[in-house]
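Here is a short, friendly walk through one protein model. Keep the viewer open and follow along as we go.

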Amino acid sequence: MAVGARSGHDEPEERPDGPADPPAQAQADSGGGGTADGSGGDGEPGGSGSGPRKQRSFWKELPLLIGIALILALLIKTFLVQAFSIPSDSMQDTLQRGDRVLVDKLTPWFGSTPERGEVVVFHDPGGWLEDQKPAEPNAVQKFLSFIGLMPSAEEKDLIKRVIATGGDTVECKKGGPVKVNGHALNEPYIYPGDSACDDMPFGPIKVPKGRIWVMGDHRQNSLDSRYHQELPGGGTVSNDEVVGRAFTIAWPLNRIDWLGIPGTFDQKGINGMGAAGTAAPVAAGLAGAVPVVLWRRRRLTRQSDAIEGTDLTREG
């Protein structure tokens, strides 16, 4: 019939060894109105399926990627970690001029306060850097500072080591070591050849609550707390001025190192009155609790004996 007329009498009507022509191919063979790209004559796509979506160009996505990276950098700078450059020699040999350190800004958000032995970055409390005028940054430096890859030249920040915290008594006599709550510090981090405080002896000084006493490791080249005792706070720095703890040297590569807390600050008894103040209430509480516990046990024993005596009477 029609199939025979189309295919000829020598060709079978069905092909058992091959698949049937797909609908799209059949439509093309029959001379339908579809175009080469599969669309109908009226411009509508042919068939129900759609072709693969064309991927966006990398150059079109690049601005979005840069924007996301900048936002993340700003968030990290504001809440997590910020890089600072060391501009002076006051912390030698622990830190060298030009070192880049990373500062932890997260823990202060959770109420953490500076601890003895930490290297911290803090804002100028007022009058510490009044004679030093920062160089005017160029556009690149301003941009890197904005995203946190460089410290801001407009902010006056310092970096020192925490020697004493609120409630501590700190002192240093000429020729002697620094003492915290009467305990001498063994300070291997001091710059070789420097003394503990011979250039500026001080104390004893009681550090107010919520403040810290800071000193540079290069003692004879550091205008630290010792040199600002005439200012409000007596040379101490408010905890609120502390940006965060410098926890590692990140650059240059041959200087990468962890900035830990020296063991001398872990010596027994250095907490002084703070430890005694904590131990005294605990001891008083234990002393008061023992008689109460003994009295309660005797009372419970007497009640138990009385109940047993009553039960025996009833049984008798």
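## An open sheet of four strands

In this predicted model, 4 strands make up an open sheet, arranged in the order E7-E6-E5-E8 with antiparallel pairing. Strand E7 (183-184) and strand E8 (202-206) are at the edges; each has a single partner strand, so one side of each lacks a neighbour in the sheet. As general background, strands of a sheet pair through backbone hydrogen bonds, and the pairing is either parallel or antiparallel.

To look at one pairing, pick strand E5 (residues 169-172), which pairs with E8 in the antiparallel sense over 3 bridges. A handy spot to centre the view is Thr 169, which stands opposite Lys 206 in E8.

## Strand E4 and its partners

How many of the 9 residues of strand E4 are buried? The count is 9 of the 9 in strand E4 (residues 157-165), so the strand is largely enclosed by the rest of the structure.

Strand E4 is joined to strand E3 (residues 119-123) by 5 bridges, and these two run antiparallel. Within that pairing, Val 121 of E3 is placed opposite Ile 159 in E4. Strand E4 is also joined to strand E9 (residues 211-215), this time by 4 bridges and again in an antiparallel arrangement. Here Thr 165 has Ile 212 in E9 as its bridge partner.

## Ser 222, a buried loop residue

Ser 222 sits in the loop between E9 and strand E10 (237-238). Is this residue buried or exposed? With a relative accessible area of 3%, it falls below the 20% cut-off, so Ser 222 counts as buried.

Its side chain has two polar partners to inspect. The side chains of Ser 222 and Lys 160 are joined by a polar contact of 3.0 Å, and a polar atom of the Ser 222 side chain lies 3.3 Å from the backbone nitrogen of Gly 216. Setting aside neighbours within four places in sequence, Ser 222 is in contact with Ser 90, Lys 160, Gly 216 and Tyr 227.

## Thr 248 in strand E11

Thr 248 belongs to strand E11 (residues 242-251). Its relative accessible area is 12%, so Thr 248 is buried. Which backbone atom does its side chain reach at 2.8 Å? That atom is the backbone oxygen of Asp 257.

Asp 257 also appears among the contacts of Thr 248 once neighbours within four places in sequence are left aside. The full set is Arg 100, Val 101, Leu 102, Asp 257, Trp 258 and Leu 259.

## A nonpolar patch on the surface

Now turn to the outside of the model. Leu 80, Leu 106, Trp 109 and Phe 110 form a nonpolar surface patch, and together they have about 460 Å² of accessible area. One of these residues, Trp 109, lies in the loop between strand E2 (100-104) and E3. Trp 109 has a relative accessible area of 57%, so it counts as exposed.

## The protein overall

Stepping back, the protein contains 5 helices and 12 strands. Of its 316 residues, 28% count as buried. Its accessible surface comes to about 20,800 Å², with 57% of that belonging to carbon and sulfur atoms.

The contact pattern is worth a glance too. Among contacts in the protein with a separation of 6 or more, 71% involve residues 24 or more positions apart.

Conventions:
Residues are numbered from 1 along each chain as its sequence is written. This is a predicted model: local features need pLDDT of at least 70, side-chain atom pairs count only at pLDDT 80 or more; totals for chains, interfaces and linings use all residues. Side-chain values use heavy atoms; hydrogens and water are left out. Buried means under 20% relative accessible area, exposed over 50%, partly exposed in between (1.4 Å probe, protein chains only). A polar contact is a pair of N or O atoms within 3.5 Å; within protein, one must be able to donate a hydrogen and the other to accept it, and residues adjacent in sequence count only if both atoms are side-chain atoms. Contact means heavy atoms within 4.5 Å. Two strands pair if DSSP finds at least two bridges between them. Patches are made of residues with over 30% relative accessible area and no salt bridge: like charges are joined within 9 Å, nonpolar side chains (Val, Leu, Ile, Met, Phe, Trp, Tyr) within 5 Å. Accessible areas come from the Shrake-Rupley method with a 1.4 Å probe; for residues, only the protein chains shown count as cover. A salt bridge is a side-chain nitrogen of Lys or Arg within 4 Å of a carboxyl oxygen of Asp or Glu.
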